[in-house]
Amino acid sequence: AGIVALYSNNTERMRIDNTGAVTMPYQPAFQVGASQLNNLTINVAHTIVWGSEIFDTGVDFTSNTFTAPVTGKYNLTANLRVDNLDSSASYYMLKIVTSNRTYITIYDFQGDPTYWHPTLAVLADMDAGDIAYVTFQQNGGAAQTDIDGDAKYSNFSGYLVA
């Protein structure tokens, strides 16, 4: 039982070890954490500001946007901690917007929850150069809703699957 390694331009691009584990250190992948956003204006799709970069293999994430370096299927996941929700809001929407389509999850509430933790995960078809970003919107109610800026609660990640 040995190790299989694949090289391109004298650089190891993939390794299969003797346990069968496969590592691809250049596979496109990223994870970023949100910046704090307070008292969001209502009836506006706010592009989430990602203030901390946890990792970005390939340097494909910049200006709150992921740009697909190659054509393929990408797993994209957005998590937000939303504070100070307003029961008089008609609804809240979390979106992952890509060049090919928009993915949406929509919620409405009874009462004024202290916080809420929406998640949206998709397998998105993306061509090389396509972009992906996250928006959040409150329709109706008072402009009191906040996005928590702690990366353990509010984050956006993605990687090339196939």
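1. In this predicted model, Val82 stands opposite Trp116 of strand β13, a placement that belongs to the antiparallel pairing of strand β10 (residues 82-83) with β13 over 2 bridges. These strands are part of an open sheet of 3 strands, arranged in the order β13-β10-β16 with antiparallel pairing; its edges are formed by β13 (115-116) and β16 (146-147), each of which pairs on one side only.

2. A reader new to the structure may next look at strand β17, which covers residues 155-160 and is mostly covered, with 5 of its 6 residues buried. Strand β4 (residues 29-34) pairs with β17 in the antiparallel sense over 5 bridges, and strand β9 (residues 72-79) also pairs with β17 in the antiparallel sense, here over 6 bridges. Asn155 of β17 is the bridge partner of Gly33, and Asn155 is likewise the bridge partner of Asn79.

3. Strand β11 is joined to strand β12 (residues 102-107) by 6 bridges, and the two run antiparallel. The connection between β11 and β12 is a hairpin through 3 residues, and across this pairing Val97 stands opposite Thr102 of β12.

4. The largest nonpolar core holds 33 residues, and those that touch the most other members are Ile48, Trp50, Leu76, Phe136, Ile147 and Phe156. Two or more residues of this core come from each of β4, β9, β11 (91-98), β14 (119-126), β15 and β17, and among the contributing elements β14 gives the most, with 4 residues. As general background, nonpolar side chains in soluble globular proteins tend to be buried together.

5. The structure holds 10 aromatic pairs. One of them is formed by Phe61 and Phe156, whose ring centres are 6.1 Å apart and whose planes stand at 70°, so the pair is edge-to-face, given that planes over 60 degrees apart are counted in that class. This pair links distant parts of the chain, since Phe61 lies in strand β7 (residues 61-62) and Phe156 in strand β17, 95 residues apart. Both Phe61 and Phe156 are buried, and ring pairs place them in a cluster with Phe30, Trp50, Phe66 and Tyr74. Phe156 therefore deserves a second look when reading the model, as it appears in the edge-to-face pair and also in the list of core residues that touch the most other members.

6. How is Gln138 placed, buried or exposed? Gln138 lies in strand β15 (residues 131-139) and has a relative accessible area of 2%, so it counts as buried, the cut-off being under 20%. Its side chain reaches the backbone oxygen of Gly140 at 2.8 Å, and a polar contact of 2.6 Å joins the side chains of Gln138 and Thr145. When neighbours within four places in sequence are left aside, the residues in contact with Gln138 are Ile42, Asn43, Val44, Asp86, Ala89, Tyr91, Tyr92 and Thr145.

7. Two arginines have a charged end placed over an aromatic ring. The charged end of Arg13 sits over the ring of Tyr26, at 4.5 Å from the ring centre, while that of Arg81 sits over the ring of Tyr153, at 5.0 Å from the ring centre.

Conventions: Residues are numbered from 1 along each chain as its sequence is written. This is a predicted model: local features need pLDDT of at least 70, side-chain atom pairs count only at pLDDT 80 or more; totals for chains, interfaces and linings use all residues. Side-chain values use heavy atoms; hydrogens and water are left out. Buried means under 20% relative accessible area, exposed over 50%, partly exposed in between (1.4 Å probe, protein chains only). Two strands pair if DSSP finds at least two bridges between them. A polar contact is a pair of N or O atoms within 3.5 Å; within protein, one must be able to donate a hydrogen and the other to accept it, and residues adjacent in sequence count only if both atoms are side-chain atoms. Contact means heavy atoms within 4.5 Å. A nonpolar core is a set of buried Ala, Val, Leu, Ile, Met, Phe, Trp, Tyr and Cys residues joined through side-chain atoms within 4.5 Å. Rings of Phe, Tyr and Trp (its six-membered ring) pair if their centres lie within 6.5 Å; planes under 30 degrees apart count as stacked, over 60 as edge-to-face and the rest as tilted. A charge sits over a ring if NZ of Lys or CZ of Arg is within 6 Å of the ring centre and within 35 degrees of the ring normal.
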